[in-house]
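Got the viewer open? Load the model shown here, keep the selection tool handy, and follow along stop by stop.

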Amino acid sequence: MAITLNNGFKMPIIGLGVWRMEGKEIRDLITNSIKLGYRHFDCAADYKNEAEVGEALAEAFKTGLVKREDLFITTKLWNSDHGHVVEACKDSLKKLQLDYLDLYLVHFPVATRHTGVGATGSAMDEDGVLDIDTTISLETTWHAMEDLVSLGLARSIGISNYDIFLTRDCLAYSKVKPAVNQIETHPYFQRDSLVKFCQKHGICVTAHTPLGGAVANTELFGTVSVLDDPVLKGLAEKYKKTVAQIALRWGIQRNTVVIPKSSKVERLKENFEVFDFELSKEDMDLLKELDRNYRTNQPAKFWGINLYA
């Protein structure tokens, strides 16, 4: 099952996110996920594992497990490379051992001090606050992203973590419209206005953290997991599915792409088994009532500044 982007390319509606995956486990993880049917992988320079992903993909191509054209590979421009878009994209392609990307995203709508292409540490000032570069506009960054399409380095380009205002601005100054906006959204953080705005204007929404980050975000940010919600647990019993499957199915029925992360084969399999049932309208309405406007991914913990305030 796939969503057709505004440029005609198709994006599988479920993918595997590789954030916080250790290099040594990635090869088996990607091999197993491909065998299970995954064809969409969500990467980023900031995840610091593009080289390991590249090795796994190269092996999958070499052994005939899958062809390059059968996969949809996304990666992202890091904050410190906004003034070096083409070089950063080429660096990611080299690490991933690919000739082109299916999708390249602006990871966050903020440019920071350049620390060297491919170096993804967050540049901090003397006060321990993110060192934001005020000389590079998001419009400048976007026009450099558009060059990637004409150069054949990326088939589609998009944005990530953009709100309605920034998305609207991007639509206004873009020659190549953003194909995707990747945002945190799950039953506790539904962001209905942003999702509907993007979809109204032909921008596909990809839901990162579609399970609310689960245990990983609870440990990293101290947030509450949506998977512990009694309403979701009740629906899991009703449909004879897991709580995670209910959350992912909810995302799919909103016509959003979901990219859950898991390093366990049984969870990979479970997360992919969401096409054999459908939530009723009543149950979708019930889940709509769970919205808490509750963000679980909190980069302010690392940056010393809350960009969402």
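Select Lys48 to begin: this residue is exposed, with a relative accessible area of 56% (over 50% is exposed, under 20% is buried and anything in between is partly exposed, using a 1.4 Å probe and protein chains only). You'll find Lys48 in the loop between strand E4 (40–42) and helix H2 (50–62). Here helices (H or I, at least four residues) and strands (E, at least two) are DSSP runs, numbered from the N terminus. Check the backbone too: phi of Lys48 is near 60°, a positive value in a residue other than glycine.

A quick word on what you are looking at: this is a predicted model, where local features need pLDDT of at least 70 and side-chain atom pairs count only at pLDDT 80 or more, while totals for chains, interfaces and linings use all residues. Residues are numbered from 1 along each chain as its sequence is written, and side-chain values use heavy atoms, with hydrogens and water left out.

Next, jump to Asn161, in the loop between strand E7 (154–160) and helix H5 (164–173). Is Asn161 buried or exposed? It counts as buried, at 10% relative accessibility. Its phi is also positive for a residue other than glycine, near 65°.

Stay with Asn161, and add Pro109, Leu166, Leu307 and Tyr308: of the 17 residues lining the second largest pocket, these five are the closest to its centre. That pocket holds about 210 Å³ of space. Its lining divides into eleven nonpolar, three polar and three charged residues. For these classes, Ala, Val, Leu, Ile, Met, Phe, Trp, Tyr, Cys and Pro are nonpolar, Asp, Glu, Lys and Arg are charged, and the others, Gly among them, are polar.

Pockets and cavities are both sought on a 1 Å grid over the protein atoms alone: a cavity is a set of points where a 1.4 Å probe fits but cannot get out, a pocket is an open set with protein on both sides within 12 Å along at least five of seven lines, and lining residues have an atom within 4 Å of a point. Points are joined across faces, edges and corners, and a volume is the space filled by probe spheres set on them.

How many cavities of 30 Å³ or more does a search of the whole structure find? Just one, and the largest cavity has about 40 Å³ of space. To see its walls, select Ala45, Lys76, Leu77, Trp78, Asp81, Ala88, Asp91, Ser92, Tyr104 and Gly118. Strand E5 (72–77) and helix H3 (85–96) are the elements giving two or more residues to this lining, and H3 has the largest share, with three.

Now click on Ala88, in helix H3. At 5% relative accessibility, Ala88 counts as buried. Leaving aside neighbours within four places in sequence, Ala88 is in contact (heavy atoms within 4.5 Å) with Leu77, Asp81, Tyr104 and Val117. Try a distance label as well: the C-alpha atoms of Ala88 and Trp78, ten residues apart along the chain, are separated by 8.2 Å.

Finally, zoom out to the whole chain and colour by secondary structure: there are twelve helices and ten strands. The C-alpha trace spans about 55 × 50 × 35 Å along its principal axes. Of the 309 residues, 53% are buried.
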